[in-house]
Amino acid sequence: MSERIFSGIQPTGRKHLGNYIGAITQYVAGQDRGEAIYCVVDLHAISVPYDASALQSSVYDVAAVLLAAGLDPERCLFFRQSDVQEHTELTWLLSSVTAYGDLTRMHQFKEKSASQRELVSAALLYYPVLMAADVLAYRAREVPVGDDQRQHVELMRDIAERFNARFGETLVVPEHRIPEVGARIMDLQMPERKMSTTGGTPQGTVLVLDAPNTVLKKFRSAVTDSGTEVRRAPDKPGVSNLIEILSAVTRRTPEAVEAEFDGSGYGAFKTAVGEAVIEYLTPVRERYHELRSDEAELERMFALGADKARAIAGETLADVRTAMGFRAVRAGQ
Ligand code: AQP
(Lines give C-alpha, C1' and ligand atoms only; values in the text may rest on other atoms or scores of the structure.)
Protein backbone atom coordinates (compact mmCIF):
# COMPACT_ATOMS: atom_id res chain seq x y z
CA MET A 1 0.00 0.00 0.00
CA SER A 2 1.23 3.51 -0.74
CA GLU A 3 2.23 5.81 2.12
CA ARG A 4 -0.57 7.49 3.97
CA ILE A 5 -0.14 11.26 4.36
CA PHE A 6 -2.11 13.44 6.77
CA SER A 7 -2.17 17.15 7.56
CA GLY A 8 -4.60 19.72 8.93
CA ILE A 9 -5.03 23.43 8.44
CA GLN A 10 -6.87 26.04 10.52
CA PRO A 11 -10.06 27.66 9.24
CA THR A 12 -9.38 31.19 8.03
CA GLY A 13 -9.42 32.86 4.63
CA ARG A 14 -6.41 34.87 5.70
CA LYS A 15 -3.92 32.20 4.66
CA HIS A 16 -0.52 33.74 4.03
CA LEU A 17 2.44 33.02 1.79
CA GLY A 18 4.14 31.06 4.60
CA ASN A 19 1.16 28.69 4.88
CA TYR A 20 1.04 28.41 1.10
CA ILE A 21 4.72 27.63 0.49
CA GLY A 22 5.35 25.72 3.74
CA ALA A 23 2.23 23.57 3.78
CA ILE A 24 -0.35 23.95 1.00
CA THR A 25 2.02 23.23 -1.92
CA GLN A 26 3.13 20.09 -0.07
CA TYR A 27 -0.51 19.00 0.30
CA VAL A 28 -1.03 19.30 -3.44
CA ALA A 29 2.18 17.37 -4.20
CA GLY A 30 1.21 14.68 -1.66
CA GLN A 31 -1.76 13.67 -3.84
CA ASP A 32 0.65 12.25 -6.41
CA ARG A 33 2.85 10.52 -3.87
CA GLY A 34 0.55 8.59 -1.58
CA GLU A 35 -2.89 8.25 -0.03
CA ALA A 36 -3.39 11.87 1.01
CA ILE A 37 -5.81 12.89 3.78
CA TYR A 38 -6.34 16.55 4.69
CA CYS A 39 -8.72 18.28 7.03
CA VAL A 40 -9.82 21.73 8.09
CA VAL A 41 -9.10 21.70 11.81
CA ASP A 42 -12.00 23.77 13.09
CA LEU A 43 -11.79 22.17 16.56
CA HIS A 44 -8.29 23.61 16.90
CA ALA A 45 -9.62 27.09 16.16
CA ILE A 46 -11.49 27.29 19.48
CA SER A 47 -8.26 27.15 21.51
CA VAL A 48 -7.99 30.96 21.22
CA PRO A 49 -10.77 33.60 21.22
CA TYR A 50 -12.90 33.28 18.06
CA ASP A 51 -16.20 34.43 16.58
CA ALA A 52 -18.67 31.50 16.63
CA SER A 53 -20.94 33.19 14.09
CA ALA A 54 -18.07 33.41 11.58
CA LEU A 55 -16.62 29.92 12.08
CA GLN A 56 -18.45 28.14 9.22
CA SER A 57 -17.66 30.94 6.84
CA SER A 58 -13.96 30.64 7.72
CA VAL A 59 -14.13 26.89 7.09
CA TYR A 60 -15.51 27.54 3.58
CA ASP A 61 -12.84 30.20 3.01
CA VAL A 62 -9.94 27.87 3.68
CA ALA A 63 -11.57 24.99 1.82
CA ALA A 64 -11.87 27.20 -1.28
CA VAL A 65 -8.22 28.29 -0.94
CA LEU A 66 -7.07 24.66 -0.80
CA LEU A 67 -9.22 23.60 -3.76
CA ALA A 68 -8.02 26.63 -5.73
CA ALA A 69 -4.43 25.63 -4.96
CA GLY A 70 -5.02 22.21 -6.51
CA LEU A 71 -6.48 19.92 -3.88
CA ASP A 72 -8.75 17.50 -5.69
CA PRO A 73 -11.36 15.55 -3.67
CA GLU A 74 -11.15 12.82 -6.33
CA ARG A 75 -7.47 12.32 -5.53
CA CYS A 76 -7.41 12.95 -1.78
CA LEU A 77 -9.67 12.63 1.23
CA PHE A 78 -10.66 16.13 2.33
CA PHE A 79 -12.96 16.74 5.30
CA ARG A 80 -13.88 18.98 8.24
CA GLN A 81 -12.43 17.83 11.55
CA SER A 82 -15.55 18.49 13.67
CA ASP A 83 -17.63 16.20 11.42
CA VAL A 84 -15.63 13.21 12.67
CA GLN A 85 -16.19 12.82 16.40
CA GLU A 86 -13.58 10.08 16.67
CA HIS A 87 -10.95 12.86 16.84
CA THR A 88 -12.26 14.19 20.14
CA GLU A 89 -12.64 10.82 21.81
CA LEU A 90 -9.16 9.76 20.71
CA THR A 91 -7.78 13.03 22.14
CA TRP A 92 -9.01 12.07 25.59
CA LEU A 93 -7.71 8.52 25.35
CA LEU A 94 -4.28 9.71 24.15
CA SER A 95 -4.08 12.28 26.93
CA SER A 96 -3.43 9.37 29.32
CA VAL A 97 -0.08 8.73 27.60
CA THR A 98 0.81 12.42 27.13
CA ALA A 99 3.15 14.07 29.63
CA TYR A 100 1.70 17.27 31.10
CA GLY A 101 5.25 18.69 31.34
CA ASP A 102 5.76 18.17 27.59
CA LEU A 103 2.61 20.14 26.82
CA THR A 104 3.74 23.10 28.93
CA ARG A 105 7.11 23.08 27.10
CA MET A 106 5.63 23.45 23.59
CA HIS A 107 6.85 26.70 21.92
CA GLN A 108 3.41 27.41 20.50
CA PHE A 109 1.75 27.06 23.91
CA LYS A 110 4.33 29.32 25.52
CA GLU A 111 4.00 32.01 22.83
CA LYS A 112 0.23 31.92 22.49
CA SER A 113 -0.51 31.65 26.21
CA ALA A 114 1.70 34.71 26.82
CA SER A 115 -0.30 36.73 24.29
CA GLN A 116 -3.80 35.87 25.64
CA ARG A 117 -5.30 38.77 27.55
CA GLU A 118 -8.40 37.23 29.12
CA LEU A 119 -8.23 33.45 29.22
CA VAL A 120 -5.48 30.92 28.65
CA SER A 121 -7.74 27.97 27.86
CA ALA A 122 -6.95 24.35 28.64
CA ALA A 123 -7.71 23.81 24.92
CA LEU A 124 -4.55 25.77 24.09
CA LEU A 125 -2.56 23.36 26.25
CA TYR A 126 -4.34 20.37 24.71
CA TYR A 127 -3.89 21.57 21.11
CA PRO A 128 -0.98 19.13 20.41
CA VAL A 129 -2.94 16.14 21.81
CA LEU A 130 -5.80 16.88 19.41
CA MET A 131 -3.23 17.23 16.63
CA ALA A 132 -1.76 13.86 17.60
CA ALA A 133 -5.25 12.32 17.52
CA ASP A 134 -5.85 13.80 14.03
CA VAL A 135 -2.79 12.10 12.59
CA LEU A 136 -2.78 8.87 14.61
CA ALA A 137 -6.48 8.19 13.86
CA TYR A 138 -5.50 7.65 10.20
CA ARG A 139 -2.31 5.70 10.94
CA ALA A 140 -0.55 8.17 8.67
CA ARG A 141 3.18 7.72 8.10
CA GLU A 142 3.93 11.23 6.85
CA VAL A 143 2.88 14.68 8.09
CA PRO A 144 3.64 17.59 5.73
CA VAL A 145 4.08 20.77 7.81
CA GLY A 146 6.15 23.95 8.04
CA ASP A 147 9.11 24.15 10.40
CA ASP A 148 7.05 25.69 13.25
CA GLN A 149 5.14 22.40 13.65
CA ARG A 150 8.28 20.26 14.06
CA GLN A 151 7.93 20.11 17.86
CA HIS A 152 4.26 19.07 17.70
CA VAL A 153 5.10 16.20 15.35
CA GLU A 154 7.91 15.09 17.69
CA LEU A 155 5.37 15.05 20.52
CA MET A 156 2.86 12.95 18.55
CA ARG A 157 5.66 10.45 17.87
CA ASP A 158 6.32 10.23 21.63
CA ILE A 159 2.60 9.76 22.27
CA ALA A 160 2.34 6.94 19.70
CA GLU A 161 5.48 5.25 21.00
CA ARG A 162 4.33 5.48 24.62
CA PHE A 163 0.90 4.11 23.67
CA ASN A 164 2.40 1.15 21.80
CA ALA A 165 4.82 0.39 24.64
CA ARG A 166 2.05 0.53 27.25
CA PHE A 167 -0.86 -1.13 25.39
CA GLY A 168 0.75 -3.09 22.53
CA GLU A 169 1.49 -2.17 18.88
CA THR A 170 -1.61 -0.26 17.76
CA LEU A 171 -0.54 3.10 16.33
CA VAL A 172 1.75 4.07 13.46
CA VAL A 173 4.60 6.39 14.52
CA PRO A 174 4.52 9.27 11.99
CA GLU A 175 7.29 11.49 10.64
CA HIS A 176 7.20 15.11 9.63
CA ARG A 177 7.90 16.21 6.08
CA ILE A 178 9.32 19.71 6.08
CA PRO A 179 10.22 21.34 2.74
CA GLU A 180 13.90 22.13 2.04
CA VAL A 181 13.10 25.62 0.78
CA GLY A 182 10.32 27.73 2.31
CA ALA A 183 9.83 25.80 5.57
CA ARG A 184 9.95 29.05 7.52
CA ILE A 185 8.89 32.15 5.60
CA MET A 186 9.56 35.25 7.67
CA ASP A 187 7.52 38.44 8.18
CA LEU A 188 8.60 41.06 5.60
CA GLN A 189 8.70 43.81 8.22
CA MET A 190 10.17 41.76 11.08
CA PRO A 191 12.30 39.12 9.32
CA GLU A 192 13.46 37.63 12.60
CA ARG A 193 9.85 36.40 13.19
CA LYS A 194 7.89 33.90 11.11
CA MET A 195 5.11 35.14 8.88
CA SER A 196 2.02 34.39 10.94
CA THR A 197 -1.76 34.71 10.98
CA THR A 198 -1.91 36.07 14.50
CA GLY A 199 1.57 37.22 15.51
CA GLY A 200 2.94 39.19 12.53
CA THR A 201 2.68 42.70 11.11
CA PRO A 202 -0.12 43.39 8.59
CA GLN A 203 2.33 45.01 6.15
CA GLY A 204 4.81 42.14 6.51
CA THR A 205 2.22 39.38 5.96
CA VAL A 206 1.41 38.57 2.33
CA LEU A 207 -2.02 36.98 2.06
CA VAL A 208 -2.84 34.45 -0.65
CA LEU A 209 -5.93 36.52 -1.51
CA ASP A 210 -4.23 39.95 -1.47
CA ALA A 211 -4.79 42.08 -4.59
CA PRO A 212 -1.70 42.28 -6.86
CA ASN A 213 -0.96 45.94 -6.06
CA THR A 214 -1.12 45.15 -2.32
CA VAL A 215 1.36 42.30 -2.79
CA LEU A 216 3.73 44.56 -4.72
CA LYS A 217 3.50 47.29 -2.09
CA LYS A 218 4.31 44.83 0.70
CA PHE A 219 7.40 43.55 -1.12
CA ARG A 220 8.59 47.02 -2.09
CA SER A 221 8.48 48.10 1.54
CA ALA A 222 10.10 44.88 2.84
CA VAL A 223 12.83 45.46 5.41
CA THR A 224 16.31 44.61 4.09
CA ASP A 225 19.59 45.96 5.52
CA SER A 226 22.09 48.74 4.89
CA GLY A 227 24.17 46.71 2.40
CA THR A 228 23.51 46.14 -1.31
CA GLU A 229 24.40 42.49 -1.94
CA VAL A 230 21.67 39.97 -2.76
CA ARG A 231 23.00 36.97 -0.83
CA ARG A 232 21.96 34.88 2.16
CA ALA A 233 23.72 35.56 5.47
CA PRO A 234 22.79 35.34 9.17
CA ASP A 235 23.08 39.13 9.50
CA LYS A 236 20.82 39.64 6.45
CA PRO A 237 17.51 38.01 7.55
CA GLY A 238 15.33 40.25 5.33
CA VAL A 239 17.29 39.63 2.12
CA SER A 240 17.72 35.92 2.96
CA ASN A 241 13.94 35.61 3.35
CA LEU A 242 13.28 37.29 -0.01
CA ILE A 243 15.80 34.98 -1.71
CA GLU A 244 14.04 31.99 -0.14
CA ILE A 245 10.62 33.23 -1.30
CA LEU A 246 11.76 33.84 -4.89
CA SER A 247 13.47 30.49 -4.94
CA ALA A 248 10.31 28.70 -3.74
CA VAL A 249 7.85 30.44 -6.10
CA THR A 250 10.04 30.09 -9.20
CA ARG A 251 11.27 26.59 -8.26
CA ARG A 252 14.93 27.53 -8.55
CA THR A 253 17.74 27.04 -6.05
CA PRO A 254 18.62 29.96 -3.75
CA GLU A 255 22.08 29.94 -5.40
CA ALA A 256 20.51 30.53 -8.84
CA VAL A 257 18.51 33.47 -7.43
CA GLU A 258 21.65 34.98 -5.88
CA ALA A 259 23.54 34.63 -9.16
CA GLU A 260 20.75 36.27 -11.17
CA PHE A 261 20.49 39.31 -8.88
CA ASP A 262 24.20 39.70 -8.20
CA GLY A 263 24.89 43.47 -8.32
CA SER A 264 21.32 44.53 -9.14
CA GLY A 265 20.54 46.34 -5.83
CA TYR A 266 17.69 45.85 -3.38
CA GLY A 267 15.04 48.00 -5.10
CA ALA A 268 14.99 46.00 -8.34
CA PHE A 269 15.26 42.73 -6.41
CA LYS A 270 12.27 43.48 -4.16
CA THR A 271 10.13 44.42 -7.16
CA ALA A 272 11.15 41.20 -8.94
CA VAL A 273 10.17 39.10 -5.92
CA GLY A 274 6.81 40.92 -5.67
CA GLU A 275 6.08 40.35 -9.35
CA ALA A 276 7.00 36.66 -9.16
CA VAL A 277 4.72 36.19 -6.15
CA ILE A 278 1.85 37.93 -7.99
CA GLU A 279 2.29 35.58 -10.94
CA TYR A 280 2.38 32.62 -8.53
CA LEU A 281 -0.76 33.57 -6.58
CA THR A 282 -2.98 35.09 -9.29
CA PRO A 283 -4.42 31.82 -10.64
CA VAL A 284 -5.21 30.71 -7.07
CA ARG A 285 -6.99 33.98 -6.24
CA GLU A 286 -9.01 33.82 -9.44
CA ARG A 287 -10.13 30.21 -8.90
CA TYR A 288 -10.86 30.92 -5.24
CA HIS A 289 -13.73 33.31 -5.92
CA GLU A 290 -15.52 30.83 -8.16
CA LEU A 291 -15.19 27.96 -5.66
CA ARG A 292 -16.06 30.03 -2.59
CA SER A 293 -19.40 31.16 -4.04
CA ASP A 294 -20.85 27.62 -4.01
CA GLU A 295 -21.26 26.71 -0.33
CA ALA A 296 -23.69 23.88 -1.09
CA GLU A 297 -21.03 22.18 -3.22
CA LEU A 298 -18.43 22.64 -0.45
CA GLU A 299 -20.85 21.06 2.04
CA ARG A 300 -21.47 18.13 -0.30
CA MET A 301 -17.73 17.58 -0.58
CA PHE A 302 -17.31 17.71 3.22
CA ALA A 303 -20.13 15.20 3.75
CA LEU A 304 -18.53 12.68 1.37
CA GLY A 305 -15.14 13.25 2.97
CA ALA A 306 -16.50 12.80 6.50
CA ASP A 307 -18.05 9.42 5.64
CA LYS A 308 -14.74 8.12 4.31
CA ALA A 309 -12.77 9.64 7.19
CA ARG A 310 -15.08 8.11 9.81
CA ALA A 311 -14.62 4.65 8.32
CA ILE A 312 -10.85 4.86 8.82
CA ALA A 313 -10.77 6.72 12.15
CA GLY A 314 -13.50 4.45 13.57
CA GLU A 315 -11.35 1.36 13.00
CA THR A 316 -8.37 2.91 14.76
CA LEU A 317 -10.50 4.11 17.64
CA ALA A 318 -11.99 0.64 18.08
CA ASP A 319 -8.47 -0.85 18.24
CA VAL A 320 -7.36 1.82 20.72
CA ARG A 321 -10.41 1.24 22.92
CA THR A 322 -9.85 -2.52 22.92
CA ALA A 323 -6.14 -2.16 23.68
CA MET A 324 -6.98 0.11 26.60
CA GLY A 325 -9.53 -2.28 28.08
CA PHE A 326 -12.76 -0.65 26.86
CA ARG A 327 -15.51 -2.26 24.79
CA ALA A 328 -14.66 -1.69 21.11
CA VAL A 329 -17.91 -0.09 19.74
CA ARG A 330 -17.65 -0.26 15.96
CA ALA A 331 -20.04 1.48 13.57
CA GLY A 332 -23.51 -0.08 13.73
CA GLN A 333 -22.97 -1.71 17.14
N1 AQP B 1 5.85 31.33 8.19
C2 AQP B 1 5.64 30.08 7.78
N3 AQP B 1 6.47 29.51 6.86
C4 AQP B 1 6.26 28.23 6.44
N5 AQP B 1 5.21 27.46 6.86
C6 AQP B 1 4.36 28.00 7.76
N7 AQP B 1 3.25 27.53 8.38
C8 AQP B 1 2.75 28.49 9.19
N9 AQP B 1 3.52 29.59 9.14
C10 AQP B 1 4.54 29.32 8.26
C11 AQP B 1 2.69 26.20 8.16
O12 AQP B 1 1.38 26.38 7.64
C13 AQP B 1 0.55 25.29 8.05
C14 AQP B 1 -0.76 25.92 8.48
O15 AQP B 1 -1.09 25.67 9.73
P16 AQP B 1 -2.31 26.34 10.46
O17 AQP B 1 -3.30 26.84 9.52
O18 AQP B 1 -2.77 25.30 11.41
O19 AQP B 1 -1.68 27.62 11.17
P20 AQP B 1 -0.48 27.77 12.15
O21 AQP B 1 0.47 26.65 12.11
O22 AQP B 1 -1.02 28.10 13.49
O23 AQP B 1 0.37 28.99 11.53
P24 AQP B 1 -0.11 30.43 11.20
O25 AQP B 1 -1.03 30.39 10.04
O26 AQP B 1 1.07 31.28 10.99
O27 AQP B 1 -0.89 30.92 12.47
P28 AQP B 1 -0.33 31.43 13.86
O29 AQP B 1 1.05 31.99 13.69
O30 AQP B 1 -1.34 32.40 14.23
O31 AQP B 1 -0.31 30.23 14.75
C32 AQP B 1 1.34 24.51 9.10
O33 AQP B 1 1.85 23.33 8.52
C34 AQP B 1 2.49 25.43 9.46
O35 AQP B 1 3.67 24.73 9.79
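**Strand order, ligand shell and selected residues**

Strand β2, spanning residues 35–40, is mostly covered, with five of its six residues buried. The structure described here is a predicted model. Strand β1 (residues 4–9) is likewise mostly covered, and five of its six residues are buried. The two strands, β1 and β2, run parallel and are joined by six bridges. Within this pairing, isoleucine 5 stands opposite alanine 36 of β2, and isoleucine 9 stands opposite valine 40 of β2. Between these strands the chain passes through α1, going from β1 to β2 in a β-α-β crossover that is right-handed.

Strand β2 is also joined to strand β3 (residues 77–80), by four bridges, and these two strands run parallel. Cysteine 39 stands opposite phenylalanine 79 of β3. The connection from β2 to β3 runs through helix α2 (residues 55–69), and this β-α-β crossover is right-handed. A further position of the pairing is given by tyrosine 38, whose bridge partner in β3 is phenylalanine 78.

In a regular strand, side chains alternate between the two faces of the sheet. In β3, Leu77 and Phe79 point one way, whereas Phe78 and Arg80 point the other way. All four of these residues, Arg80 included, are buried. Phenylalanine 79, the residue opposite cysteine 39, and phenylalanine 78, the bridge partner of tyrosine 38, thus point in opposite ways from β3.

The ligand is surrounded by 22 residues. The closest of them are Lys112, Asp148, Ser196, Thr197 and Thr198. By residue class, the shell around the ligand is made up of six nonpolar, eleven polar and five charged residues. Helix α1, which covers residues 17–33, gives the most to this shell, with four residues. Helix α1 is also the element through which the chain crosses from β1 to β2.

Three side chains were examined for their distances to oxygen atoms of the ligand. For lysine 15, a polar side-chain atom lies 2.7 Å from an oxygen atom of the ligand. Lysine 112 likewise has a polar side-chain atom 2.7 Å from a ligand oxygen atom. For aspartate 148, an N or O atom of the side chain is 2.4 Å from an oxygen atom of the ligand. On its own the ligand has 640 Å² of accessible area, and the protein covers 95% of this. Lysine 112 and aspartate 148 are both among the closest residues of the shell.

Alanine 69 is found in helix α2, the helix of the crossover between β2 and β3. At a relative accessible area of 13%, alanine 69 falls under the 20% limit and is therefore buried. Two residues far along the chain were compared with alanine 69 by C-alpha position. Valine 208 is 139 residues apart from alanine 69 along the chain, and their C-alpha atoms are separated by 9.9 Å. Proline 283 is 214 residues apart from alanine 69 in sequence, with a C-alpha to C-alpha distance of 8.4 Å. Proline 283 is found in helix α11 (residues 266–292). Its relative accessibility is 34%, so proline 283 counts as partly exposed.

Two arginines have positive phi values. Arginine 139, which is not a glycine, has a positive phi of about 50°. Arginine 139 is placed in the loop between α6 (122–136) and β4 (142–144). With a relative accessible area of 25%, arginine 139 is partly exposed. For arginine 251, phi is near 50°, again a positive value in a residue other than glycine. Arginine 251 lies in the loop between α9 (237–250) and α10 (254–260). Its relative accessible area is 69%, so arginine 251 is exposed.

Notes. Residues are numbered from 1 along each chain as its sequence is written. This is a predicted model: local features need pLDDT of at least 70, side-chain atom pairs count only at pLDDT 80 or more; totals for chains, interfaces and linings use all residues. Side-chain values use heavy atoms; hydrogens and water are left out. A residue is near a molecule or strand if one of its heavy atoms lies within 4 Å of it. A polar contact is a pair of N or O atoms within 3.5 Å; within protein, one must be able to donate a hydrogen and the other to accept it, and residues adjacent in sequence count only if both atoms are side-chain atoms. Accessible areas come from the Shrake-Rupley method with a 1.4 Å probe; for residues, only the protein chains shown count as cover. Ala, Val, Leu, Ile, Met, Phe, Trp, Tyr, Cys and Pro count as nonpolar, Asp, Glu, Lys and Arg as charged, and the others, Gly among them, as polar. Buried means under 20% relative accessible area, exposed over 50%, partly exposed in between (1.4 Å probe, protein chains only). Two strands pair if DSSP finds at least two bridges between them. A crossover is right-handed if, with the strands pointing away from the viewer, the path from the first strand over the helix to the second runs clockwise.
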